[in-house]
Amino acid sequence: MEDQEVKETILKGIGGSPGICIGKAYLLDKEGVDVVKKYVVQEASLSAEVGRFRTAVKKAREAMRRIIDTTPDEFRQHAQIIETHMLLLEDKMLYDRTIEVIEKERVNAEWALKKVVSLVKPMFENMSDDYLRQRAEDITHVSDRIMENLVGADQVDIARIDKRVILVARDLSPAETSQIQLERIKGFVTNRGGRASHTSIIARTLEIPAVLGVGNATLMIKNDDILIVDGKTGIVVVNPTEHTLLETEERREQYEIQKALMARKSHLPARTKDGVRISVMGNIELPEEVVSVLDYGGDGIGLYRTEFQYLSRPDFPDEEMLYENYKDVIDVMGEHPVTIRTLDINGDKAVNFIRDSYELNPALGLRAIRYCLKKPEIFKTQLRAILRAAACGNVRILIPMISGIEEVEQVIGLLDEAARCLEQQGVAHNRKVPLGIMIEVPSAVVTADILAEKVDFFSIGTNDLIQYTLAIDRGNRHVAHLHQPLHPAILRMVKRTCDVSREKGIQTYMCGEMAGEPLFAPLLLGLGVDELSMNPQAIPRVKNAIRSINMAEVRGFMDEAMRMTTPDAVQALLEQTFGEVVSRIEPEQQER
C-alpha cells in the first residue's frame with residue numbers, strides 16, 4: 001500500500017519555459033474564488049453593492065501598483081504587462097457591465113462579475129491566433145483579483161515564500177509570477193495557461209522552467225511531493241523513482257552545460273561550416289523584450305507583433321503612442337533590422353470590446369489585413385507611426401494574412417497616402433522602408449510569383465500556414481496532433497515560396513515556431529530560407545545548429561527529404577542525419 005502511494009506519475013502539459021528542475025512541490029491555495037453564490041440585492045442596497053464592487057477593484061489596483069513599485073530594476077520589463085491588467089480593471093466591458101448587471105438584475109457583485117466574465121472570455125477563446133486566445137487568461141487573472149477582494153480570500157504572496165520549492169497552482173497571474181524570487185523558486189506548474197500567455201513570457205524572461213495547462217496538477221500533486229519539471233517537453237513527473245531522478249539529474253546537468261556553452265558563443269555569427277551566413281532574429285510582443293533578443297545574440301527583430309498595444313484598452317492607441325513604442329525598440333536595436341508587423345487581430349472583438357459581433361469561424365473571418373483595409377483610418381494611424389519611426393533606424397514593414405495582389409496594392413496606396421500627409425505636415429519619416437508580406441495563406445504560396453513583383457520580401461508564418469493548409473485548428477485538442485510542420489505539403493509550400501523569391505530577386509524569411517527548432521535548421525536552409533526568427537531563448541541553439549552544418553551535405557540530404565511521404569519519415573531522416581550534429585558543440589567551433 002505504501003508503494004502505491006508514492007508511485008511515479010507522469011503529467012503532460014505545455015512547455016512554457018525551457019529548462020529542467022527537481023524539487024519539492026509547494027501548493028498555492030487559490031481555490032476560494034471558484035464557487036460563487038447568487039443572491040438577490042434589495043433596491044435600497046444596490047448602491048452599496050456597487051460601492052462594494054468599486055472598492056474591490058480599487059484594492060486590486062492598489063495591490064498591482066505595489067507590485068510594480070517593488071519590482072527590481074532588472075525585471076522592470078514585466079511592469080507593462082501588469083499595467084495592462086490595471087487598465088483591464090476599468091475596461092468598459094468588465095467594469096461598467098458588472099455594475100450594469102448588479103443594478104439591472106439586482107444581484108450580488110460576485111455573481112455579476114462572474115456572469116460578465118463568462119460572456120467576455122469566449123470572445124478571445126474562439127480566436128484562431130494562440131497569442132490572442134491566451135488573452136482570455138488576462139481576463140481571468142484580473143477578475144480573480146477583484147473576486148478575491150469581494151469574497152475576502154487571502155491574497156497569495158509569492159515574495160514571502162522562503163523555501164527552495166516548485167510552485168504548483170491552479171493558475172499564476174503575471175503579477176504573481178513577477179514576484180518570484182529566483183533564489184527560492186525553482187520552477188512552476190499550473191493547471192491553466194499556455195505558451196503564448198503573459199505568465200509564460202515572464203517565466204521565459206526569468207529563465208525558470210515552467211509547465212502550464214496541465215489541467216489537474218493541483219489535484220494530482222500534494223505539498224512536499226518530489227517533482228521533476230521539464231519546461232521544454234511539458235512533462236511533470238510526480239514522485240519519480242530513483243532511476244528517473246538519476247537519469248533526469250544527468251540530463252539537467254548536460255542541458256545547463258550545453259546552454260552555458262551556447263550562450264557564451266551566441267554573439268558569434270550563424271555561419272555554416274562552408275561559410276554561408278544566416279541571420280537569426282528574435283520575435284517580440286512587448287517593447288521590453290527587445291533587450292533579451294540582444295542578450296541571446298539575435299541579429300535583429302524578425303517579427304514585432306504590435307497587437308499588444310491595441311488590447312485591453314478602452315479605445316485605439318493614437319499615432320504618438322504607437323510611434324514612441326516603435327521608436328523605443330528601434331533605438332535599442334541600433335543598426336539591426338526591426339520588422340514591424342501591422343495589426344493582426346479581429347479588431348472589433350479584440351481591441352476594446354466595443355461590439356459583441358460574433359463570427360462562426362474567426363480564423364477565416366475579418367482579421368489582420370482584412371480588418372485594416374476595412375478600417376483605413378485605424379490602419380493609416382499605424383502606418384504613419386511606422387513611417388515616422390523608420391526615420392530613426394532600420395525598419396521593415398510586414399503585412400499579415402495576404403491572400404491576393406489586390407490587398408498588397410491597397411496597402412501600397414495607403415502607405416503612399418500616409419507618406420504624402422507626413423510630407424505636407426513637415427514630419428520626419430522614411431517612405432523607402434522595405435515592405436514584406438506574411439506567407440500564411442495557401443493562395444499566397446500559389447500566387448507567390450505575382451505577389452513577389454510588388455514586395456521586397458516574404459516572411460513565412462508557419463503556424464497559420466500549417467493550420468490553413470492542413471485544415472486543422474491547433475486549439476482543438478481532438479485534431480491538434482495533425483499540426484505537423486514536417487508534413488510533405490508544408491515542405492513543398494515552403495520550397496515553392498523560396499524558389500519563387502530567389503527567381504524574383506527577393507528574400508524569404510521565416511518567423512513561425514518551426515524556425516525556432518534547431519533540428520529543423522538544416523531542412524529550412526536546404527529549402528532556401530534566408531533568415532530565421534524565433535523566441536529569443538531559442539536563438540543560441542539555432543545559431544549553434546547552423547554553425548554545425550555544411551550546406552554541401554544539406555543539399556545532398558534535401559533530395560531524399562523531399563521524397564519522403566509522411567511527417568514521421570522526414571523527422572526520422574532528420575534525426576538520423578543531423579540529430580547529433582546540431583546539438584553538438586565542437587571545440588574548434590567554440591572559438592571560431
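This report walks through a pocket, two helices and a handful of single residues in a predicted model.

## The second largest pocket

Let's start with an open space in the protein. The second largest pocket has a volume of about 480 Å³. Its lining is made of 19 residues. If you want to find the middle of it, look for K232, Y255, Q258, R541 and S583, which lie nearest the centre.

Two helices are worth picking out here: α11, running from 242 to 264, and α25, running from 567 to 583, each give at least two residues to the lining. As for the chemistry of the lining, it splits into six nonpolar, seven polar and six charged residues.

## Helix α13, end to end

Helix α13 takes in residues 319–333, 15 residues in total. How far apart should its ends be? At 1.5 Å a residue, the expected span is 21 Å, and the end C-alpha atoms are indeed 21 Å apart, so the two agree.

Which residues of α13 are buried? They are E319, L322, Y323, N325, Y326, V329, I330 and M333. These residues cover an arc of only 165° around the axis, so they sit on the same side of α13. The general rule helps here: an α-helix has 3.6 residues a turn, so residues three or four places apart point the same way.

Both ends of α13 have something to show. At the N-terminal end, D318 acts as a cap, with a side-chain oxygen 3.3 Å from the backbone nitrogen of E320. After the helix comes G334, and its phi is positive, near 60°.

## Helix α4

Helix α4 covers residues 92–105, which makes 14 residues. Its span should be 20 Å at 1.5 Å a residue; the end C-alpha atoms are 18 Å apart, which counts as agreement.

The buried residues in α4 are M93, L94, Y95, T98, I99, V101 and I102. Just past the helix, R106 has a positive phi of about 55°.

## More positive phi angles

Two further residues have a positive phi without being glycine. One is D224, with a phi near 75°. You'll find D224 in the loop between α10 (217–220) and β7 (226–230).

The other is A368, whose phi is about 55°. A368 belongs to helix α15, which spans residues 368–374. Is A368 buried or exposed? With a relative accessible area of 0%, it is buried, because buried means under 20%.

## Far apart in sequence, together in space

Some residues sit a long way along the chain from a partner that the fold brings into view. Take D225, which is in the loop between α10 and β7. D225 has a relative accessible area of 12%, so it counts as buried. Although D225 and K24 are 201 residues apart in sequence, their C-alpha atoms are 5.5 Å apart in space. Another pair is A263 and Q537: 274 residues separate them in sequence, and 9.6 Å separates their C-alpha atoms. A263 is part of helix α11, and with a relative accessible area of 41% it is partly exposed.

L212 and C421 give two more pairs to look at. L212 lies in strand β6, residues 210–212, and is buried at 1% relative accessible area. From L212 to A169 is 43 residues in sequence and 9.7 Å in space, C-alpha to C-alpha. C421 sits in helix α17, residues 405–425, and is partly exposed, with a relative accessible area of 31%. Its partner is R384, 37 residues away along the chain, with 8.7 Å between the two C-alpha atoms.

## A buried contact at T508

One last stop is T508, in strand β16 (residues 507–510). T508 has 0% relative accessibility, so it counts as buried. What does the side chain of T508 touch? It makes a polar contact of 2.7 Å with the side chain of S501.

Note on methods
Residues numbered from 1 in each chain as written. Predicted model: local features only at pLDDT ≥ 70, side-chain atom pairs only at ≥ 80, totals over all residues. Heavy atoms only, no water. 1 Å grid on protein atoms, 1.4 Å probe; cavity = no way out; pocket = protein on both sides within 12 Å on 5 of 7 lines; lining within 4 Å. Points joined across faces, edges and corners; volume = space filled by probe spheres on them. Helix = DSSP H or I, 4+ residues; strand = E, 2+ residues; numbered from the N terminus. Nonpolar A, V, L, I, M, F, W, Y, C, P; charged D, E, K, R; others polar. Expected span 1.5 Å × (residues − 1). Buried < 20%, exposed > 50% of the residue type's maximum accessible area, 1.4 Å probe, protein only. Arc of directions from axis to C-beta. Polar contact = N/O pair within 3.5 Å; in protein donor to acceptor, adjacent residues only side chain to side chain.
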